[in-house]
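Student: I would like to learn how to read a helix, a loop and a ligand shell from coordinates. Where do we begin?

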Amino acid sequence: LAKARAMQRALADLPDHSGGPSACRRCDIWRHATQAVPGEGSTSATIMLVGEQPGDEEDLRGRPFVGPAGRVLDAALTTAGLERGELYITNAVKHFKWQPRGKRRLHQRPTTTEVAACNHWLDAEVSQVKPRIIVALGASALRALAGLTDSIESARRLQIPHASGAQIVCTYHPSAILRADPANAGQLRSRLVDDLRRARELAA
Ligand code: URA
């Protein structure tokens, strides 16, 4: 992690000649992605949601959380009393990392170095939006936002400060619900909803 942080600092010192994440070459994920997927939503949002990286559909459509995980997230937001349009939704990594599996493009988890390289863009979004609460959806977001590698179940019980002064609320990634066996999916879904509700209360 120290190496990744040092790398992040080194990358942050590079002059930024790019036109934004779509022209970003700080790591190699862009080579196989269709396009960068920037965050979207209200720039005066008090709550920012951070996922891991765009999935297959997000890569094709250029918008975060519009595929299967996005549908799980949308349903959880509604149950928690939050409106997607009032939030800012983004990802720790802005390009889709995948490997071919037959005709499918299979999601690959970004490395610590790739997450660190992309922190530049996440930091810029946090500086612009200045959210009070940042919801880390899953382990990659938690690592990007706080450098923590705790399990989600323990991190969701912690009060985690973000360098910007925002408070981090950690919860399960919606994809974890899609991947869970049916006996556990309901419990994960209600924890996601509980944590989103807590985020709403803390931001109020
Ligand atoms: N998973 C994520 O982490 N982000 C998305 O935008 C879609 C799926």
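Tutor: The turns below go from a helix to a loop and then to the ligand. The model is predicted.

Student: How many residues does helix α3 have, and what does it reach from its first C-alpha to its last?

Tutor: Helix α3 runs over residues 68–80, with 13 residues, and reaches 19 Å from first to last C-alpha. That is close to the 18 Å expected at 1.5 Å a residue.

Student: Which residues of α3 are buried?

Tutor: Ala-69, Val-72, Leu-73, Ala-76 and Leu-77. They lie on the same side of α3 because they cover an arc of only 135° around the axis. The cover over these buried residues includes α7 (174–179) and α8 (182–203).

Student: What follows α3?

Tutor: Gly-81 does, and its phi is positive, near 80°.

Student: Turning to the loop between α2 and α3, why does Val-66 count as buried?

Tutor: Burial is a neighbour count, with 20 or more other C-beta atoms within 10 Å as the cut-off. Val-66, in the loop between α2 (56–61) and α3, counts as buried because it has 20 C-beta neighbours inside 10 Å. Leaving out residues up to four places away in sequence, Val-66 touches Glu-57, Glu-58 and Arg-61.

Student: Which residues are closest to the ligand?

Tutor: Of the 13 residues that surround the ligand, the closest are Gly-51, Glu-52, Gly-55, Pro-64 and Ala-69. By class, the shell has four nonpolar, seven polar and two charged residues. Ala-69 is also one of the buried residues of α3.

Key: Residues are numbered from 1 along each chain as its sequence is written. This is a predicted model: local features need pLDDT of at least 70, side-chain atom pairs count only at pLDDT 80 or more; totals for chains, interfaces and linings use all residues. A residue is near a molecule or strand if its C-beta atom, placed from the backbone, lies within 6 Å of it. Ala, Val, Leu, Ile, Met, Phe, Trp, Tyr, Cys and Pro count as nonpolar, Asp, Glu, Lys and Arg as charged, and the others, Gly among them, as polar. Helices (H or I, at least four residues) and strands (E, at least two) are DSSP runs, numbered from the N terminus. The expected span of a helix is 1.5 Å times one less than its number of residues. A residue is buried if 20 or more other C-beta atoms lie within 10 Å of its own, exposed if 12 or fewer, and partly exposed in between; C-beta atoms are placed from the backbone. The arc is that of the directions from the helix axis to the C-beta atoms. Two residues are in contact if their C-beta atoms, placed from the backbone, lie within 7 Å.
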